[in-house]
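Student: I have a chain open on my screen and would like to talk it through with you. Could we go strand by strand and then look at the loops?

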Amino acid sequence: QVQLLESGGGLVQAGGSLRLSCAASTRTFSGYTMAWFRQAPGKERERVAHINWSGGITYYADSVKGRFTMSRDNAKNTVYLQMNSLKLEDTAVYYCAAADLSMPDQYDYWGQGTQVTVSS
């Protein structure tokens, strides 16, 4: 069982930056692929980024490529999402998720979400 706790959301002006953090309570953090998803009102949930166990392989949605950077610190059981050049359309609830390495695309563990609001 993995518990995830996101932090770092808030209100920011367009063009600004935020860094989200997600702390995991597990002794085997490196045994999980980690991802950030987001969901805006009235829209489907979207995978924003994911990162493999070592941090050596990352994926980004086209909508955030070049602006967002995902990283992980296995010693601290934490993943991060650095968000730069934020746009109005980045407004959403951002969720951290974990998938066991044996099923890398099945995200069974989710945080409660953190709100990111980008204003003009």
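Student: To start, how many of the residues in strand β8 are buried?
Tutor: Bearing in mind that this is a predicted model, 5 of the 6 residues in strand β8, which covers residues 78-83, are buried, so the strand is mostly covered.

Student: And which strand does β8 pair with over 6 bridges in the antiparallel sense?
Tutor: Strand β3, made up of residues 18-25, pairs with β8 in that way, and within this pairing L20 has L81 of β8 as its bridge partner. Strand β7, residues 68-73, is also joined to β8 by 6 bridges, and these two strands run antiparallel as well; there, F68 stands opposite M83.

Student: How many residues sit between β7 and β8?
Tutor: The two strands form a hairpin with 4 residues between them. N77 belongs to that loop, and its phi is near 55°, a positive value in a residue other than glycine.

Student: What is the usual sign of phi in residues other than glycine?
Tutor: Most residues other than glycine have a negative phi. In this chain S85 is another case to look at, since it has a positive phi of about 50° although it is not a glycine, and its place is in the loop between β8 and β9, the latter being residues 92-100.

Student: Is N77 buried or exposed?
Tutor: N77 has a relative accessible area of 18%, and because the cut-off for buried is under 20%, it counts as buried. S85, by contrast, has a relative accessibility of 40%, which places it in the partly exposed class.

Student: Changing topic, which side chains of β1 point to the buried face?
Tutor: In strand β1, residues 3-7, L4 and E6 point to one face and are buried, whereas Q3, L5 and S7 point to the other face and are not buried. That fits the general pattern, in which the side chains of a regular strand alternate between the two faces of the sheet.

Student: Which strand is β1 joined to by 5 bridges?
Tutor: That strand is β3, which runs antiparallel to β1, with A23 of β3 as the bridge partner of L5. Strand β3 therefore pairs with β1 and also with β8.

Student: What does S21 touch, leaving aside its neighbours within four places in sequence?
Tutor: S21, which lies in strand β3, is in contact with L5, E6 and S7, with W36, and with T78, V79 and Y80. Its relative accessibility is 16%, so S21 counts as buried.

Student: Zooming out, how many helices and strands does the whole chain have?
Tutor: The protein chain has 0 helices and 11 strands. Its radius of gyration is 13 Å, close to the 14 Å that the globule rule gives for 120 residues, so the chain is as compact as a globular protein of that length. Along its principal axes, the C-alpha trace spans about 40 × 25 × 25 Å.

Student: What share of the residues is buried, and what share of the contacts joins residues 24 or more positions apart?
Tutor: Buried residues make up 43% of the 120 residues, while 55% of the contacts with a separation of 6 or more are between residues 24 or more positions apart.

Student: Last one: what about the surface and the charges?
Tutor: The chain exposes about 6,300 Å², of which carbon and sulfur atoms supply 48%. It has 11 positive and 10 negative side chains, and the centres of the two sets lie 5 Å apart.

Technical notes: Residues numbered from 1 in each chain as written. Predicted model: local features only at pLDDT ≥ 70, side-chain atom pairs only at ≥ 80, totals over all residues. Heavy atoms only, no water. Rg over C-alpha atoms; globule rule 2.2 N^0.38 Å. Buried < 20%, exposed > 50% of the residue type's maximum accessible area, 1.4 Å probe, protein only. Contact = heavy atoms within 4.5 Å. Areas by Shrake-Rupley, 256 points an atom, 1.4 Å probe, with all protein chains shown as cover. Lys, Arg positive; Asp, Glu negative; His and termini not counted. Charge placed at Lys NZ, Arg CZ, Asp CG, Glu CD.
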